[in-house]
Amino acid sequence: MNITQQVVNAIWLGGVYSLFALGYALVFSILGVLNLAHSAVFMWGAFIGLVMVTQFSFSVWLAIPVAMLGAGLIGVLLDAVAFAPLRRRNAPRIAQLISSIGAAILLVNIAQLIFGTQPERFPLGSIPTDTIEGLPFRITPIQIIILLVSVALMALLQYMVIRTRAGQAMRAVAFNQRVASLLGVNVSGIFRMTFFLAGALAGAAGVLYGLAYNSMTPFMGDQVALKGLTVIVLGGMGNIQGAVVGGFVVAALEVFSIANGGSNYRDAFVFTLLFLILLFRPQGLVGQKEHTRA
Amino acid sequence: MALLEVSNLHTSYGAIKALRGITFQVERGQVVSLIGANGAGKSTTLNSISGLLKPSSGKVLFNGRDITGWRADRVTGLGLVQVPEGRLVIANMSVEENLWMGAYPRKDRAGIQADLNDIFARFPRLAERRTQKAGSLSGGEQQMLAVGRALMVQPTLLMLDEPSMGLAPLLVNEIFHIIAEIKDRGIPILLVEQNARKALQIADYGYVIERGTIAYEGPAEQLQQNPKIISAYLG
Ligand SMILES: Nc1ncnc2c1ncn2[C@@H]1O[C@H](COP(=O)(O)OP(=O)(O)OP(=O)(O)O)[C@@H](O)[C@H]1O
Ligand SMILES: [Mg+2]
């Protein structure tokens, strides 16, 4: 495998990781809490996409937005059930973290009941898998789709957060909930919106990941959960650009460790990275300490 | 009917009763000052009106409408705008973004832009620092930004919580100058201050809070003559 090939692989896989990790980063930036049910929402996104293709004969292009909508609504439900009641009682953040673990288990169990534990696949022909000819590296149309969709969604999110009224409100809530509410922002509404966005991004990532590996089980979230966490630790927890950069770094590390014969150890490499960052640069690679004057 | 009518307001923090029946009014076009010592309940009063705290009993009428216990964002939406204690500008947004954020309840882009230009004309220090992050401003500049941001809502009533706190004497004068200017524009102000002298000089009417109740009230000139108030707050 040549170096160009590895870079290409790292790029499309990085797109999926970034997309997935952005949901962690969004929720963390607003609530200061890790949503550990995020990987379960990712899995649900993949299955909603799969059902749309197999049961309703949707094209992949149509299945992705439907999966995003469905996963986004699961995100909102997650907030209403696992987070909002604790917030209202001013419960400590650790309680919210534990609550999100419970929600993750529940979501995976429900998926097991409905879909079973055998790997599910997108039907042959629903996705183009032939390698594109005439290029110096191997890339399939699905990999191009993955890259395009993830980059487009990330650009859209960035635009939303920086340019739109809702994005400004999100940033205000992330800074200080009381101040945001005095500025006229409906803080609970922003929480719901954030969970919707995070869920929708996870849903898109789930479908894309499912398409890439074409093997889906209710446990597929486990494959990305800790990688996503590594990505946001690398990128500086609630940092959106950091999550994007981190996704590509983690994917590159994984791809290069596979290419160099370490395929059995690829996760070990990723977790070694996580460990090293936590040890030497806990604010993340692109993160910086906020400096403010009183 | 007064613009703001607060009657018999009680608010607690758990077992601590911070407000024990606060009653006062703000008339249209007036500056009303609430003065009192540390811990008297001034901030708790403002927070109970603006929706940051839920009063346990009592009533808040704004423009004749019962807004007791309303959520903070809905109170702001009515034009009853609080500048909280400690300024609290959004540190990681630029000066201009903070001002746009102030206009969050409004939808009229053209009007917002006009008001933004107006704020920059009135606060040249903010105009010079338009793109600078608010967190890097000095204390006085942050206070101006917090006031400017509140003006972006086009408030019907402005509530200021200790705007002069922690500022050098020169800047305190500047802040009170700004408050006088806002008053001249016809925007009523409910002013909470520990600087009782200046607060009463600028006010039409004043109230003195002691341990969660109103101990004295009256036209500001009269309060300034009251020997008890002179010895306790103006001495
Ligand atoms: N979050 C809180 N939890 C518990 N008690 C509080 C809290 N905030 C205020 N208090 C108490 O309520 C009372 C009134 O406080 P408040 O902040 O309203 O006073 P203040 O008049 O604004 O004082 P200052 O001039 O120092 O700002 C005080 O006894 C204070 O200790
Ligand atoms: Mg106070």
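Visitor: Why is B:R106 called buried?

Guide: Its relative accessibility comes out at 10%, and buried means under 20%, so B:R106 makes the cut. Keep in mind that this is a predicted model.

Visitor: Where does B:R106 sit, and what does it touch?

Guide: B:R106 is in the loop between α3 and α4 (109-122) of chain B. Leaving out residues up to four places away in sequence, it touches A:R165 from chain A, plus B:G111, B:I112, B:D115, B:M152, B:V153 and B:Q154.

Visitor: What makes the link from the side chain of B:R106 to the backbone oxygen of B:M152 a polar contact?

Guide: The distance is 2.8 Å, and the cut-off for such a pair is 3.5 Å, so this one counts.

Visitor: How do you know which residues coordinate the magnesium ion (ligand 2)?

Guide: Donors must lie within 2.8 Å of the metal. B:S43 (OG) and B:E85 (OE) are at 1.9 to 2.2 Å, so both qualify. B:S43 belongs to helix α1 (residues 42-50) of chain B, while B:E85 is in the loop between β6 (80-83) and α3 (95-102), 42 residues apart.

Visitor: Why is B:S43 called buried, but B:E85 partly exposed?

Guide: B:S43 has a relative accessible area of 18%, and the limit for buried is under 20%, so it gets that label. B:E85 has 35%; partly exposed covers what lies between 20% and 50%, so that label fits B:E85.

Visitor: What makes B:G39, B:A40 and B:Q194 polar partners of ligand 1?

Guide: Again the cut-off is 3.5 Å. A backbone N or O atom of B:G39 lies 2.8 Å from an oxygen atom of ligand 1, one of B:A40 lies 3.3 Å from an oxygen atom there, and a polar side-chain atom of B:Q194 comes in at 3.0 Å. Ligand 1 is surrounded by 14 residues, and the closest include B:S43 and B:E85.

Visitor: How do you know that β7 and β8 of chain B pair?

Guide: Pairing takes at least two bridges, and four join β7 (residues 157-161) to β8 (residues 189-193), so they pair, running parallel. B:D161 stands opposite B:V192 in β8(B).

Visitor: What makes β6 and β10 edge strands in chain B?

Guide: Each pairs on one side only. The open sheet has six strands in the order β6-β7-β8-β3-β9-β10, with mixed pairing. Its twist averages 15° from one strand to the next.

Notes: Residues numbered from 1 in each chain as written. Chains lettered and ligands numbered in written order. Predicted model: local features only at pLDDT ≥ 70, side-chain atom pairs only at ≥ 80, totals over all residues. Heavy atoms only, no water. Donors = N, O, S within 2.8 Å, 3.2 Å for Na, K, Ca; no water. Helix = DSSP H or I, 4+ residues; strand = E, 2+ residues; numbered from the N terminus. Buried < 20%, exposed > 50% of the residue type's maximum accessible area, 1.4 Å probe, protein only. Axes fitted to C-alpha atoms, helices over the stretch in contact; angles between N-to-C directions. Near = heavy atom within 4 Å. Polar contact = N/O pair within 3.5 Å; in protein donor to acceptor, adjacent residues only side chain to side chain. Contact = heavy atoms within 4.5 Å.
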